[in-house]
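I am opening a fresh notebook page for this protein, and I want to work from the model itself. The entries below follow the order in which I looked things up.

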Amino acid sequence: PKTDIVFLKVHKSASSTVMNVLFRFGETHNLTFAFPIGGGNQLFYPHHFLAKFVQGFSPRSPRQFNILCHHMRFLQPEVEKVVSSSAVYFSILRNPVQLMESSFAYYKGTSAFSHARSLEEFLSQPYHFYNPADGDSHYARNLMTFDFGFNPDGEVSAKRVQLMLNAIEAAFDLLLISEYFDESMVLLKEVLCWDLDSVVSFPLNIRDSSTKSHLSDSIVEKIREWNRLDWEIYTYFNRTFWERIDRDIGRERMQQEVKVLRERQAELARTCLQGMGSVAPKDIKDSSLRPLQHGNARILGYNLKQGLDKETELMCRRLVTPELQYSSALYKKQFPQKRS
């Protein structure tokens with residue numbers, strides 16, 4: 001199994017669920033994480049990543065960490081200073097249309113979105129609300145482009161798009177697609193040589209459907225136009241994702257693998273969860289399992305079954321612990337002397 005991993009955590013793309021997979025693997029295999037200085041969950045985002053942002057890194061005696069997975073704005077030469085040269089680099093992408101709808105609810109408080117009554121109103125005259133100079137403007141346009149380290153306000157020329165795609169392809173071994181999350185996990189399992197239980201997960205940091213809005217065709221078109229660079233990234237890597245499946249696994253075997261993965265997930269849900277699925281924040285009984293609520297989104301969580309034996313309880317708890325709580329627990333374990 002591969003133990004040196006860089007995961008570029010792209011915002012609002014099922015990346016919290018992927019992070020849980022990495023946290024669990026890292027914890028059970030005693031791996032080290034490249035944590036932000038002082039803990040926390042972002043490596044000084046939205047600044048481009050620098051090695052010095054990592055707790056325990058020093059240029060004089062650079063030490064390498066197994067897993068780099070906290071929010072960062074990608075900058076490869078700096079990333080290479082904190083991980084082994086054999087690390088596997090991967091990320092996950094999401095259709096920019098859904099990504100923008102999600103961002104608008106989640107990041108409602110940002111300068112670009114706070115004065116727009118609806119996504120429609122924002123898109124009808126984006127420059128009335130959006131100012132590229134604002135420190136949090138990246139949440140409102142080409143967010144994936146930004147997270148990969150590029151300029152979200154760059155012109156959309158064929159040459160520029162090609163350079164961007166080439167750079168991403170050169171840096172990353174694998175790009176997953178959140179709309180095909182189960183297929184993505186099967187592919188990840190293959191690339192990392194992990195077992196099934198390492199990639200099984202419950203969806204984390206997901207919104208209650210009541211806060212999701214339906215998008216008309218004209219809005220969809222406007223979102224694509226406004227996030228044209230993201231759209232180019234997404235459509236290109238969505239295609240190579242399926243080409244890779246055809247080349248390395250084949251559709252038939254992929255269907256089988258996905259079926260097995262879903263059966264295992266259902267089995268774990270029966271074992272671990274009260275009522276099989278996610279619940280509204282107010283219904284989560286254990287406050288340590290309550291996810292952070294953000295913007296206008298209602299983020300769901302889980303209740304564990306009572307009376308599980310110790311080992312099962314630990315396994316189940318790891319599966320449903322929200323990202324911030326899990327990250328903080330792992331940080332304290334790795335740096336016990338640091339009192340954050």
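At the start of α13, which backbone nitrogen does a side-chain oxygen of aspartate 309 reach? I am working with a predicted model, and in it I find that this oxygen comes to within 3.2 Å of the backbone nitrogen of glutamate 311.

**Entry on helix α13.** I stayed with this helix, residues 310-320, and noted that Thr312, Cys316, Arg318, Leu319 and Val320 are buried in it. When I looked for what these buried residues pack against, I found three helices, namely α1 (15-28), α12 (251-272) and α14 (323-334).

**Entry on the sheet.** I then traced the strands and found an open sheet of four, in the order β2-β1-β3-β4, with parallel pairing. The edges are taken by β2 (67-68) and β4 (174-177), and because each has a single partner strand, one side of each is left without a neighbour in the sheet. Further in, I see β1 (residues 5-8) running parallel to β3 (residues 88-93), with four bridges joining them, and phenylalanine 7 standing opposite phenylalanine 90 of β3. Helix α11 (residues 228-248) packs on this sheet, where I find that it touches β3 and β4, and its direction makes about 100° with that of β4.

**Entry on serine 15.** This residue lies in helix α1, and I record it as buried because its relative accessible area is 3%, which falls under the 20% cut-off. Its side chain reaches the backbone oxygen of valine 10 at 2.8 Å. Setting aside neighbours within four places in sequence, I list Phe7, Lys9, Val10 and Ile92 as the contacts of serine 15, so the phenylalanine that stands opposite phenylalanine 90 turns up here again.**Entry on alanine 51.** Is this residue, in the loop between α1 and β2, buried or exposed? With a relative accessible area of 1%, alanine 51 is buried. Beyond its neighbours within four places in sequence, I find alanine 51 in contact with Phe57, Glu78, Lys81 and Val82. I also checked alanine 51 against arginine 117, which is 66 residues away along the chain, and their C-alpha atoms are separated by 40 Å.

**Entry on aromatic rings.** My count of aromatic pairs comes to 31. One of them is formed by phenylalanine 49 and phenylalanine 53, which meet edge-to-face, at 6.4 Å centre to centre and with 85° between the planes, and both of these residues are buried. For tyrosine 180 and phenylalanine 241, I find ring centres 6.4 Å apart and planes at 20°, so I enter this pair as stacked. The pair links distant parts of the chain, 61 residues apart, since tyrosine 180 is in the loop between β4 and α8 (181-192) while phenylalanine 241 belongs to helix α11. I record tyrosine 180 as partly exposed, at 30% relative accessibility, whereas phenylalanine 241 is buried, with a relative accessible area of 2%. I also noted one aromatic cluster, formed by Phe104, Phe113, Phe122, Tyr127, Phe129, Tyr130 and Trp226.

**Entry on charges over rings.** Which residue lies over the face of tyrosine 106? I find lysine 12 there, at 3.4 Å from the ring centre. In another place, arginine 73 lies over the face of phenylalanine 146, at 3.7 Å from the ring centre.

Notes. Residues are numbered from 1 along each chain as its sequence is written. This is a predicted model: local features need pLDDT of at least 70, side-chain atom pairs count only at pLDDT 80 or more; totals for chains, interfaces and linings use all residues. Side-chain values use heavy atoms; hydrogens and water are left out. Two strands pair if DSSP finds at least two bridges between them. Helices (H or I, at least four residues) and strands (E, at least two) are DSSP runs, numbered from the N terminus. Contact means heavy atoms within 4.5 Å. Axes are lines fitted to C-alpha atoms, for helices over the stretch in contact, and angles run from 0 to 180 degrees between N-to-C directions. Buried means under 20% relative accessible area, exposed over 50%, partly exposed in between (1.4 Å probe, protein chains only). A polar contact is a pair of N or O atoms within 3.5 Å; within protein, one must be able to donate a hydrogen and the other to accept it, and residues adjacent in sequence count only if both atoms are side-chain atoms. Rings of Phe, Tyr and Trp (its six-membered ring) pair if their centres lie within 6.5 Å; planes under 30 degrees apart count as stacked, over 60 as edge-to-face and the rest as tilted. A charge sits over a ring if NZ of Lys or CZ of Arg is within 6 Å of the ring centre and within 35 degrees of the ring normal.
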